[in-house]
Amino acid sequence: MKSSFKAAILFVLIAVTGYLAFYYAPIERSMGVIQKIFYLHISCAFSAFVAFGTCFYANLRYVFTREAKSDWLGVSAAEVGLAFITVVLVTGPIWAHPVWGIWWTWDARLTLTFVLGLLYLSYLLLRSMIEEPDKRALFSALFGIFAFLDVPLVYFSIRWWRTQHPQPVILGGPGSGLEPRMRVSYLLMWGALTGVLILLVSARYRLEALRASVEDLRREAEVR
Amino acid sequence: MAVLADTTVLLGKELRTEFRSRELLTTTVVFILVVVVLFSFTFDPSAGESRRFGPGLLWLSFLFAASLMLQPCFLREQNNDTLSALRLSVRDPFSIFLAKLSANTLFLLLTEVLMLPVFAILYNVHILGVFLQLVLVLFLGSLGVAIPGTAFSAISAQARMRELMLPLLLLPLLTPVLIASTEATRALLDANPVLRADWLGFLAGFDVVFLTALWLFGEYLLEE
């Protein structure tokens with residue numbers, strides 16, 4: 001299947017889920033219409049974490065197998081994850097301002113998201129600062145592994161410190177749960193954005209593969 | 001046990017190199033002094049205010065100082081390619097890291113203990129009764145800075161703009177250390193000082209996580 005065709009399918013799917021989120025799912029009682037942003041916010045956060053998890057897997061795989069493919073996957077997942085986390089960091093304050101009365105608070109999940117973004121920004125910066133492809137792949141992979149290990153530590157340190165973010169409604173234990181129409185909208189949005197995630201990562205992966213072969217060809221031309 | 005024997009020899013070498021010139025120690029002490037003095041202009045350092053903001057600025061200055069101090073750790077070995085010699089001379093490459101991070105922890109701890117009385121005088125806080133407990137917090141915190149710091153010093157030594165890269169890689173990762181050590185220090189500087197075992201345990205946990213990671217992945221960090 002061509003990727004433009006896949007993109008077209010995803011475009012329709014997102015339009016449908018957007019419609020469902022706004023017109024099919026009921027308006028939340030206490031927050032009102034601003035709660036609609038959650039459909040995008042939470043789904044993007046979920047996609048970002050999947051992307052960073054993939055990056056960690058690719059980093060580990062690179063260190064042990066030294067296949068260039070794992071390196072390409074690592075950089076693609078990190079870049080796309082950073083894009084998703086930016087959406088999370090922008091939509092979060094838009095919701096928080098009317099509901100909490102402030103744009104930002106240094107709560108566990110907010111701070112974790114921010115620090116996670118910073119860590120992967122450093123990961124991408126580090127990659128741009130090492131010329132030699134093998135070295136770049138190895139050292140950025142090692143940094144990626146250390147950075148990912150930091151994630152639970154950041155989370156728990158801030159959680160013990162202070163926390164204000166709403167408790168998880170989905171999978172949040174007894175008393176939590178969603179209205180069925182909301183749940184359908186959430187699940188579809190999750191599905192659609194996971195599709196976008198896969199599409200973007202595979203496009204970026206192909207780009208990285210092309211870049212690597214260009215680099216190889218250039219080097220071959222220089223040798224001759 | 002071979003690791004420990006090698007580490008002792010290498011630690012001796014690290015300490016000798018530093019104590020011949022004392023370059024790192026003097027510059028770090030002066031750097032922390034400058035930062036601590038400059039911070040005092042940003043708020044009114046009365047006893048109450050100092051108790052609130054003092055621990056944070058103290059740890060921030062330690063973190064910034066460490067990110068500069070750890071810079072030459074592996075860079076120094078590049079000049080005459082002594083890293084290859086080191087690699088050949090030890091049975092387990094982990095002992096290179098163990099020696100370097102012990103030396104770095106020691107240097108950090110030494111500068112911090114030197115700066116503590118200066119900080120206490122400038123900011124009107126009482127440290128005499130809790131000095132030993134403070135040293136314990138300083139030790140666990142410095143270890144937490146030195147373990148990923150030593151690892152990343154090996155990474156940044158491979159990159160361009162390495163003087164900027166190390167702080168960029170290290171500082172976001174140290175968020176948990178900053179929170180835990182600041183909170184533990186604040187509790188000790190309080191009017192009714194308490195030793196916060198929970199934060200100390202957290203710091204110890206951080207140290208163990210990254211020491212294990214370094215033990216598992218250290219040998220890859222030394223690849224050329």
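Biologist: Before we get to Leu169(B), when are two residues in contact here?

Modeller: Two residues are in contact if their C-beta atoms, placed from the backbone, lie within 7 Å, and please keep in mind throughout that this is a predicted model.

Biologist: OK, so what does Leu169(B) touch, leaving out residues up to four places away in sequence?

Modeller: Leu169(B) touches Ser122(A), Leu126(A) and Phe143(A) in chain A, and also Phe152(B), Ile155(B) and Ser156(B) in chain B.

Biologist: And which residues touch the most other members of the largest nonpolar core?

Modeller: That core has 117 residues, and those that touch the most other members are Ala51(A), Leu142(A), Phe143(A), Ile155(B) and Leu169(B); helix 5 of chain A, residues 133-161, gives the most to this core, with 13 residues.

Biologist: Staying with helix 5 of chain A, is Leu138(A) buried or exposed?

Modeller: Leu138(A), which is found in helix 5 of chain A, is buried because it has 22 other C-beta atoms within 10 Å, where the cut-off for a buried residue is 20 or more.

Biologist: What does Leu138(A) touch?

Modeller: Not counting residues up to four places away in sequence, Leu138(A) touches Val63(A), Tyr220(B) and Glu223(B), and its C-alpha atom is separated by 8.2 Å from that of Asn59(A), 79 residues apart along the chain.

Biologist: Switching to the contact of the two chains, how many residues does each chain put in?

Modeller: Chain B puts in 25 residues and chain A puts in 24 residues; on the side of chain B that touches chain A, helix 7 (131-156), helix 8 (162-173), helix 9 (175-189) and helix 10 (197-221) each supply at least two residues, with helix 10 giving the most, seven residues.

Biologist: What kinds of residues are on that side of chain B?

Modeller: They divide into 20 nonpolar, two polar and three charged.

Biologist: How do helix 7 and helix 8 of chain B cross?

Modeller: Their axes come within 9 Å and cross at roughly 145 degrees, in a right-handed crossing; Phe152(B), Ile155(B) and Ser156(B) are among the residues of helix 7 that take part, and Leu169(B) is one of those from helix 8. The residues of this contact divide into eight nonpolar, three polar and one charged.

Biologist: Last thing, what pLDDT does chain A average?

Modeller: Chain A averages a pLDDT of 86, and 92% of the residues score at least 70; among the elements of chain A, helix 2 (residues 37-65) has the highest mean pLDDT, 92, and helix 1 (residues 3-24) the lowest, 85.

Technical notes:
Residues numbered from 1 in each chain as written. Chains lettered and ligands numbered in written order. Predicted model: local features only at pLDDT ≥ 70, side-chain atom pairs only at ≥ 80, totals over all residues. Helix = DSSP H or I, 4+ residues; strand = E, 2+ residues; numbered from the N terminus. Nonpolar A, V, L, I, M, F, W, Y, C, P; charged D, E, K, R; others polar. Axes fitted to C-alpha atoms, helices over the stretch in contact; angles between N-to-C directions. Left-handed = near helix turned anticlockwise from the far one by under 90°. pLDDT = per-residue confidence, 0-100. Core = buried A, V, L, I, M, F, W, Y, C linked by C-beta atoms within 7 Å. Buried ≥ 20, exposed ≤ 12 C-beta atoms within 10 Å, placed from the backbone.
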